[in-house]
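User: Please take a close look at one part of this model, the packing between its helices, and then follow the connections outward into the rest of the chain.

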Amino acid sequence: MPSHDLSWLVGELRALAGDLNTDAAPPLIVAIDQGGHATRAIAFDVRGRQVAESFVPISTYRSGTERVEHDATEVSESMRTALADLHRTLGGEADRVAAAGLATQRSSIACWDVRTNKALGPVLSWQDRRNAALVERLRGHERAIRARTGLVLSPHYGASKLRWCLDHNEKLQDSMAKTRYALGPLAAWLLRSNLEEHPHLVDAVNAARTQLLDIRACDWSQDMLALFGVPRHLLPAVVSNRHAYGHVAFGARRVPLVLCTGDQSSMPFAHGRPAADTIYLNIGTGAFVQRVCGTVDVPDGLLASVLWHDGGAGRTLYAIEGTVNGAGSAIDWLDERLGGDKRPAWAHRAALALTRAQAASVHPPLFMNGISGVGSPYWRARFESRFSGSGSEIEQLIAVVESIAFLICVNVECMREGATRILASGGLSDSDYLCECVAALSGLPVDRTSLRESTATGLAYLIAGEPADWQPDATLERFAPIPDAALDRRFALWREEMRGSMS
């Protein structure tokens with residue numbers, strides 16, 4: 001990657017933008033964050049300060065406990081709408097925008113027609129587990145899958161979803177499929193449908209989450225393609241995260257999109273280059289626990305993830321990663337159970353207001369949190385969520401919040417050696433009690449960032465070329481690890497019950 005000197009960045013952005021007058025005003029960059037609830041387009045200056053933003057919600061469709069979808073056309077159009085809205089918001093400043101980048105949900109997949117660039121069906125969300133039956137049939141291949149891809153065998157990743165589409169989408173079984181149709185990560189669909197060049201490309205970070213990528217070579221693994229029955233010719237070519245992907249329309253101008261990555265993989269870069277002694281925790285619909293490492297050999301039960309790949313510079317950065325499926329989605333589950341239409345989002349509001357004093361004054365039950373399946377280090381796609389014991393509404397809420405902390409902390413334990421702190425972000429990190437629980441149980445201080453958009457900010461840092469003087473508008477609030485004997489006891493009982501459930 002080029003040097004971190006800002007003069008290089010301004011020069012490159014001038015070249016990318018062509019007609020940008022950088023002598024009159026410094027350039028802006030646009031981070032496009034396509035998430036499970038919305039697409040955001042946020043303009044930053046080259047030191048990390050947010051200038052303007054747009055927000056376009058998208059719909060999520062759930063059927064039963066295993067199917068989770070988005071309308072592929074709606075998701076694609078939301079990216080164009082977000083850019084158009086941002087252009088209007090910037091007004092006369094829009095001409096300063098010199099480059100853009102995209103971050104997407106890593107394990108979501110799509111299928112499309114390469115001639116018309118129209119979707120063949122819905123986006124299957126990372127939460128979707130409809131092809132769990134295939135995963136069960138492949139249990140004998142777990143060791144080989146982990147060695148090649150860094151991932152455990154799970155229906156949350158893209159491979160089983162792609163195979164499901166090949167088995168159930170009639171167009172993909174047509175004789176024309178070989179030359180006319182394509183499938184792959186959500187990122188590839190958004191690049192294809194929104195860039196003027198309609199590239200057939202995907203970055204290594206998003207490709208890795210299909211469970212079809214050789215994470216050492218950062219290219220499709222023939223062994224994994226054969227195992228899951230996914231034809232290579234239907235998949236996009238794998239390229240570096242930093243790449244000349246093409247151009248997006250921005251008003252009457254064409255802006256180069258120079259970077260693509262995964263949402264969770266950009267988050268550790270929000271405050272600059274990730275530190276080796278920091279565990280990065282992002283708590284949203286799910287919770288993701290990451291720590292930078294230089295190897296793909298990680299503790300059992302955790303994942304080896306591609307965090308950044310620059311093939312031209314010969315640089316690949318990996319992370320140890322843990323996954324908690326039931327974080328914000330567990331609060332949603334409790335909202336439906338207790339609030340319903342009469343008290344929408346009651347549990348969310350109450351979770352953010354929850355205090356240590358409230359928890360200390362009651363006797364909450366335990367919540368065995370299997371929302372969307374149990375992630376690392378247990379890995380159970382099907383697990384009945386249930387309370388162990390009874391309690392009032394507030395006691396049930398405490399139990400759900402504590403279960404999220406418990407799941408986070410069993411992952412932290414696996415990567416804790418040498419760590420000095422946890423850096424927390426994401427909407428659910430606004431819960432003081434959740435941060436206090438994680439600090440108390442892990443024995444590490446939790447620094448909560450005030451950044452509301454850590455994914456977009458980390459993406460902007462990478463678009464900007466990792467500048468040394470990156471200074472986002474953010475403060476850190478520290479939660480010290482204060483011992484809590486009652487919480488420790490509940491954690492011990494919860495772990496014992498989890499062990500029993502896994503046997």
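Analyst: Angles under 35 degrees count as roughly parallel, those over 145 as roughly antiparallel, those from 65 to 115 as roughly perpendicular, and the rest as oblique. The model discussed here is predicted, so that local features require pLDDT of at least 70 and side-chain atom pairs pLDDT 80 or more, whereas totals for chains, interfaces and linings use all residues. Residues are numbered from 1 along each chain as its sequence is written, and side-chain values rest on heavy atoms, with hydrogens and water left out.

The account starts from helix H14, residues 393-415. Helices (H or I, at least four residues) and strands (E, at least two) are DSSP runs numbered from the N terminus. The axis of H14 comes within 11 Å of that of helix H17, residues 485-502, and the two cross at roughly 75 degrees; H14 and H17 are therefore roughly perpendicular to each other. From H14, the contact (heavy atoms within 4.5 Å) draws on Glu402, Ser403, Phe406, Leu407, Cys409, Val410 and Glu413, while H17 supplies Leu487, Arg490, Phe491, Trp494 and Arg495. By class, seven of these residues are nonpolar, one is polar and four are charged. Here Ala, Val, Leu, Ile, Met, Phe, Trp, Tyr, Cys and Pro are nonpolar, Asp, Glu, Lys and Arg are charged, and the others, Gly among them, are polar.

H14 has another partner in helix H12, residues 346-353; their axes come within 10 Å and cross at roughly 70 degrees. These axes are lines fitted to C-alpha atoms, for helices over the stretch in contact, with angles running from 0 to 180 degrees between N-to-C directions. H12 and H14 are therefore also roughly perpendicular. Trp346, Ala347, Ala350 and Ala351 of H12 meet Glu393, Leu397 and Val401 of H14. This contact has six nonpolar residues, no polar residue and one charged residue.

The helix packing leads into the largest nonpolar core, which has 142 residues. Such a core is a set of buried Ala, Val, Leu, Ile, Met, Phe, Trp, Tyr and Cys residues joined through side-chain atoms within 4.5 Å; buried means under 20% relative accessible area, exposed over 50%, and partly exposed in between, for a 1.4 Å probe and protein chains only. H14 contributes the largest share of the core, 14 residues. Leu212, Ile408 and Trp494 have the most contacts inside it, and Trp494 is also one of the H17 residues facing H14. In soluble globular proteins, nonpolar side chains tend to be buried together.

Leu212 connects the core to another helix. Beyond its neighbours within four places in sequence, Leu212 is in contact with residues including Ala159, Leu162, Met224 and Phe228. Ala159 and Leu162 are among the buried residues of H5, a helix spanning residues 158-168 in which nine of the eleven residues are buried. The cover over these buried residues includes strands E5 (67-70), E7 (109-113), E9 and E10 (181-185), together with helices H3 and H9 (222-228).

Trp164, another buried residue of H5, leads to Arg130. Arg130 lies in the loop between E9 (123-124) and H3 (132-137), and its relative accessible area of 11% makes it buried. Apart from residues within four places in sequence, it is in contact with Glu66, Arg67, Val68, Glu69, Leu124 and Trp164. Its side chain forms a polar contact of 2.8 Å with that of Glu69 and one of 2.9 Å with that of Asp128. A polar contact is a pair of N or O atoms within 3.5 Å; within protein, one must be able to donate a hydrogen and the other to accept it, and residues adjacent in sequence count only if both atoms are side-chain atoms.

A separate, second core of 22 residues includes Phe44, Ala99, Trp308 and Ala319. Ala319 is touched by Leu303, whose contacts also include Tyr157 and Trp379. Leu303 is found in strand E19, residues 303-310, and is buried at 0% relative accessible area. Trp379, in turn, belongs to the loop between strands E21 and E22; at 16% relative accessibility, it is buried. Its phi is positive, at about 60 degrees, although it is not a glycine. The loop between E21 (366-368) and E22 (386-388) also holds Pro377, and the peptide bond from Ser376 to Pro377 is cis, with omega near -5 degrees. Most residues other than glycine have a negative phi, and most peptide bonds are trans.
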